Amino acid sequence: MLIWPIDPVLEADQQASALWLENRGNETANLQIRVFAWSQSGFSDQYQNQRDVIGSPPVAKIEPGQKQLVRLTRTRDIPPGQELAYRIIIDEIPAARPVTAEDGKTAAAILFQMRYSVPLFAYGAGLWSKEDMTRKRDPKGAGVPDLSWRKVAVDGRSYLEVRNQGAVHARLTDVAFKQGGQTRPLVEGLLGMCCRGRSCGGRHQGRSVRIRPCKYGSMVRRRFRVLRRGDDIPVIGTVWRGSLQAP
C-alpha cells in the first residue's frame with residue numbers, strides 16, 4: 001500500500017485535506033480508516049476517540065493498481081496559535097477465505113493484518129509549520145520546536161530525556177551524541193515525533209521521547225541503534241535535526 005502525503009496538515013484556512021491510498025499489490029485491499037486524537041504520555045503514544053477531524057470514506061475497497069482519495073475534514077475551528085495532533089490509523093481487513101492445500105483440503109495458514117499510522121497536524125490562525133511554496137505565508141507565524149534535555153531515573157536506571165516546549169511538534173532525525181569534540185551517530189534518518197508539551201487546557205504540547213535501553217550496538221524498535229556513554233548511561237534522547245551535547 002502506497003500512502004501520500006506522509007505528513008498531511010490542516011492549515012488554519014483549510015476545511016479539508018487529502019490523503020491518497022494506492023494499492024500496489026496483486027489482491028483487493030479492504031481498509032478501515034479512522035482518525036484519533038494523539039497525545040504522548042509516559043514515553044508512549046496515547047489515542048483517543050474524537051470528532052474534530054473526520055476521515056471519509058471510513059471504509060475503502062481498493063482493487064490492484066487503483067487509488068482511493070480519503071478526505072480529512074475539519075468539523076470545528078482550532079483556537080488561534082495552537083497546533084493539535086492526530087493519528088490516521090489505516091487497518092487492513094483480511095479477506096475471509098479458506099486456504100487450500102494441493103490435495104484440495106483446507107490448510108493451516110498465517111494471515112498478516114497490516115496497520116498504517118500517519119501523523120496529522122491541524123493549526124489555528126496565526127500558526128503554521130510545514131513549508132508550502134504555493135501558499136503565501138506570514139513568516140511571523142512559523143512555529144518552531146523548543147527542545148531541551150536532562151538526565152532522569154526510571155526504575156533505578158539513568159536516561160537522557162528530551163522535551164519539546166515549542167509551539168509545534170519536532171520531527172526527530174539524524175540523531176547524534178556529542179561529547180568532548182567527538183560525535184557519535186545514534187540514529188540515521190527518522191527517529192520519530194516529539195509533540196508540544198501538555199498544558200492545563202489539555203493541548204498536545206511537548207512530550208518526552210526516549211530510546212529504550214539495550215546492549216551496546218544492538219537493535220531495538222524502530223531500528224534504533226543505541227551507543228552508550230563512558231559512564232554506562234543508555235542514551236534515550238535526541239534533538240531535532242541536530243546533536244545532543246553531553247553535560
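## Ground rules

Buried means under 20% relative accessible area and exposed over 50%, with partly exposed in between (1.4 Å probe, protein chains only). By that yardstick Trp20, at 31% relative accessibility, counts as partly exposed.

This is a predicted model, where local features need pLDDT of at least 70 and side-chain atom pairs count only at pLDDT 80 or more, while totals for chains, interfaces and linings use all residues. Residues are numbered from 1 along each chain as its sequence is written, and side-chain values use heavy atoms, with hydrogens and water left out.

## The tryptophan pair

Trp20 has a partner. The structure holds three aromatic pairs (rings of Phe, Tyr and Trp, the last by its six-membered ring, with centres within 6.5 Å; planes under 30 degrees apart count as stacked, over 60 as edge-to-face, the rest as tilted). In one of them, Trp4 and Trp20 have ring centres 6.1 Å apart and planes at 10 degrees, so the pair is stacked. Trp4 lies in strand β1 (residues 2-4) and Trp20 in strand β3, so the pair ties together parts that are 16 residues apart in sequence. Strands here are DSSP runs (E, at least two residues), numbered from the N terminus.

Trp4, like its partner, is partly exposed, with a relative accessible area of 30%. The peptide bond from Trp4 to Pro5 is cis, with omega near -10 degrees, and Pro5 sits in the loop between β1 and β2 (9-10). Another cis bond runs from Ser56 to Pro57, with omega near 5 degrees; Pro57 is in the loop between β6 (53-56) and β7.

## The open sheet

Which strands sit with β1 and β3 in the open sheet? The order is β1-β3-β8-β6, with antiparallel pairing (two strands pair if DSSP finds at least two bridges between them). At the edges are β1 and β6, each pairing on one side only. From one strand to the next the twist averages 20 degrees (axes are lines fitted to C-alpha atoms, and angles run from 0 to 180 degrees between N-to-C directions).

Seven bridges hold β3 and β8 together in the antiparallel sense, and Leu69 in β8 is the bridge partner of Trp20. Glu22 is also in strand β3 and, at 13% relative accessibility, counts as buried. Leaving aside neighbours within four places in sequence, Glu22 is in contact (heavy atoms within 4.5 Å) with Met1, Leu2, Trp4, Gln66 and Lys67.

## Pairings of β10

Strand β10 pairs with β9 in the antiparallel sense over nine bridges, with Tyr86 standing opposite Leu120 in β10. Two bridges also join β10 to β2, and these two run parallel; there, Leu10 has Ala122 in β10 as its bridge partner.

## Inside the fold

Now for the nonpolar cores (sets of buried Ala, Val, Leu, Ile, Met, Phe, Trp, Tyr and Cys residues joined through side-chain atoms within 4.5 Å). The largest has 21 residues, and Leu21 and Ile88 have the most contacts inside it. Elements giving two or more residues to this core are β3 (16-22), β4 (29-41), β7 (59-62), β8 (67-74), β9 (83-92) and β10 (115-123). Apart from it lies another core, of nine residues, among them Trp38, Ala85, Tyr123 and Met193.

Back to Leu21: beyond neighbours within four places in sequence, its contacts include Ile3, Leu31, Ile33, Ile62, Val70 and Ile90. As for Trp38, Arg87 lies over the face of its ring, at 4.2 Å from the ring centre (a charge sits over a ring if NZ of Lys or CZ of Arg is within 6 Å of the ring centre and within 35 degrees of the ring normal).

Note on methods. Helices (H or I, at least four residues) and strands (E, at least two) are DSSP runs, numbered from the N terminus.
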